[in-house]
Amino acid sequence: MNPIDRALGILLLLSGSKLVSAATLSERFAVSLRTIYRDVDRLIALGVPVEAERGAEGGYRLAGGYHQPPVALTRKETAALLVALAFVRGIRATPLASELETAESKLVSALPKSAKDLLSRAERIIGIEPMAVDVFHHATQAPPVGEWQAALDGFMEGILAGCRVRFEHRNPARNEIREHEVEPYGILFDRNLWYLAGRSVDADDLRIYRADRLRNLTVTGMRFRAPKEFSVESLLGGAWLSRAMRRWAQEDGLAELRVTAEQARRLSQDWFYRHALFTPDGAGAVRVRLADTSAERLYPLLRWLGPGAELIAPEALRAGLATELTAMAAAHGGAAP
C-alpha cells in the first residue's frame with residue numbers, strides 16, 4: 001500500500017469517536033510504528049485536526065465535527081477538476097488563496113494514483129488564456145496588488161462569519177475616498193476583476209464594490225443575517241452594472257452625449273456602454289448619460305463614434321475635445337488649427 005492510500009485509510013479509521021492506538025494502526029497496515037508516526041504527522045501538516053492522547057489507553061482520533069469522506073473521481077470528473085483549478089490559477093486574485101492551496105493538497109492526497117498523476121501535470125495539458133487587455137475600456141483593468149487580495153479575503157471571511165466589514169473605498173469618478181460599513185452578501189468575477197456585493201449600512205441598499213478599490217478592510221464583530229432571497233446569480237449578465245448605472249442617474253455630475261440613432265445602436269452592443277442611460281432627444285437623436293466624466297474616457301469614445309456625436313456635459317471638456325479634433329483634421333489635410 002502506498003503512503004497516500006495508507007493516509008486515507010488512517011483518516012477513515014480515525015473518523016470514529018474512539019481512540020485508535022498507533023500499535024493498532026501499525027498492525028492494520030503492516031508497517032512500523034515509526035511509519036505510522038510519520039503518516040500522522042503528514043496528516044497534521046495538511047491541516048487534518050488529529051488529536052493525540054498519551055498513556056496506556058491513549059491513541060489518535062479526529063477532532064469532533066471533522067469528517068472527510070473518501071474521494072472517488074471518474075476520469076471525466078478529474079478532467080473537470082483540472083480545468084477548474086487551471087482557471088483559478090489564471091486569476092490575478094483568488095478568494096482565500098492560501099486556504100485554496102491547503103484544500104487542494106488535502107484533495108490530492110486522497111485521490112487515486114492515476115488521478116493524482118494526471119493532476120500533477122495539469123499545466124501540460126490544460127491552458128487558460130488570461131483576459132486580454134481592453135484598451136478601449138482601460139478603466140476596467142487593474143494591476144494586481146496585495147491590498148486587492150487582502151480585501152477579497154476579508155470580504156469572504158465576513159461572508160463566512162456572518163459579520164459586517166468596514167473598509168475605505170476609492171471612487172475614481174469623484175476622486176474621493178470614503179469609509180463604508182457593509183453586510184457582505186457575495187462576490188462575482190467579471191472581465192478579470194472581482195466585485196463585492198453587500199448591503200451598505202449607511203445607504204440601506206445593495207451596493208457593488210470593485211475589490212481593487214478597497215483599502216484597510218476589517219471584519220467587525222457586528223453580526224447580521226443575509227436575506228434568503230439574495231443570490232449572486234441575480235447580478236450576472238451585466239445586471240450589477242445596469243443597476244449601478246441607474247443609481248448613478250440619480251446623482252449630479254454625469255457625462256452626457258447627444259448621438260444619432262445608429263450610434264446609439266452601436267453603443268447598445270458594447271458590453272459596458274449598453275448599460276448607460278439612453279433617452280430620446282427628438283429628431284432621431286438620443287441622449288446618453290454616463291458616470292465617468294474624465295477626458296481619458298470620453299474623448300476616445302467620441303472619436304470612435306465619429307460625426308454626429310456631441311459632448312454636452314461636462315461643458316468644460318468641450319473646448320479640449322475641439323482642439324484635439326482640429327489637430328487631427330489638420331494632420332489629415334483638413335483646416336489648420
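Two strands pair if DSSP finds at least two bridges between them; strands (E, at least two residues) and helices (H or I, at least four) are DSSP runs numbered from the N terminus. The model is predicted, with local features needing pLDDT of at least 70 and side-chain atom pairs pLDDT 80 or more, while totals for chains, interfaces and linings use all residues. Residues count from 1 along each chain as its sequence is written, and side-chain values use heavy atoms, without hydrogens or water.

Q: In what order do the five strands of the open sheet lie?
A: Let's start with the sheet, where the pairing is antiparallel. From one strand to the next, the twist averages 45 degrees. Reading across the five strands, the order is 6-5-4-3-7.

Q: Which strands stand at the edges of this sheet?
A: Look for strands that have a single partner strand, so that one side is left without a neighbour in the sheet. The two that fit are strand 6 (205–210) and strand 7.

Q: Which residue of strand 5 does Val182 stand opposite?
A: Strand 4 (residues 176–190) and strand 5 (residues 193–200) run antiparallel and are joined by eight bridges. In strand 5, the residue opposite Val182 is Ser200.

Q: What is the bridge partner of His169 in strand 4?
A: Strand 3 spans residues 163–171. Seven bridges pair strand 3 with strand 4 in the antiparallel sense. For His169, the partner in strand 4 is Arg178.

Q: Which residue of strand 7 stands opposite Arg166?
A: On to strand 7, which runs antiparallel to strand 3 and is joined to it by five bridges. Facing Arg166 in strand 7 is Thr218.

Q: Is Asn216 buried or exposed?
A: Asn216 sits in strand 7 (residues 214–223). Its phi is positive, about 55 degrees, although Asn216 is not a glycine. Here buried means under 20% relative accessible area, exposed over 50% and partly exposed in between (1.4 Å probe, protein chains only). With a relative accessible area of 55%, Asn216 is exposed.

Q: What is the relative accessible area of Ala283?
A: Ala283 is another residue other than glycine with a positive phi, near 55 degrees. You will find Ala283 in the loop between strand 9 (277–280) and strand 10 (285–290). Ala283 is exposed, and its relative accessible area is 89%.

Q: What distance separates the C-alpha atoms of Ala244 and Ala276?
A: Ala244 belongs to helix 9 (residues 239–248). Ala244 counts as buried, at 8% relative accessibility. Although Ala244 and Ala276 are 32 residues apart along the chain, their C-alpha atoms are separated by 9.6 Å.

Q: Where is the cis peptide bond that involves Ala313?
A: The residue to find is in the loop between strand 11 (310–313) and helix 12, which is the place of Pro314. Omega is about 5 degrees for the cis bond joining Ala313 and Pro314.

Q: At roughly what angle do the axes of helix 11 and helix 12 cross?
A: Axes are lines fitted to C-alpha atoms, for helices over the stretch in contact, with angles from 0 to 180 degrees between N-to-C directions. The axes of helix 11 (residues 295–305) and helix 12 (residues 318–331) come within 11 Å, and their crossing angle is roughly 45 degrees.

Q: Which residues of helix 11 make the contact with helix 12?
A: Contact means heavy atoms within 4.5 Å. Helix 12 contributes Gly320, Leu321, Glu324, Leu325 and Met328. From helix 11 come Tyr299, Leu302 and Arg303.
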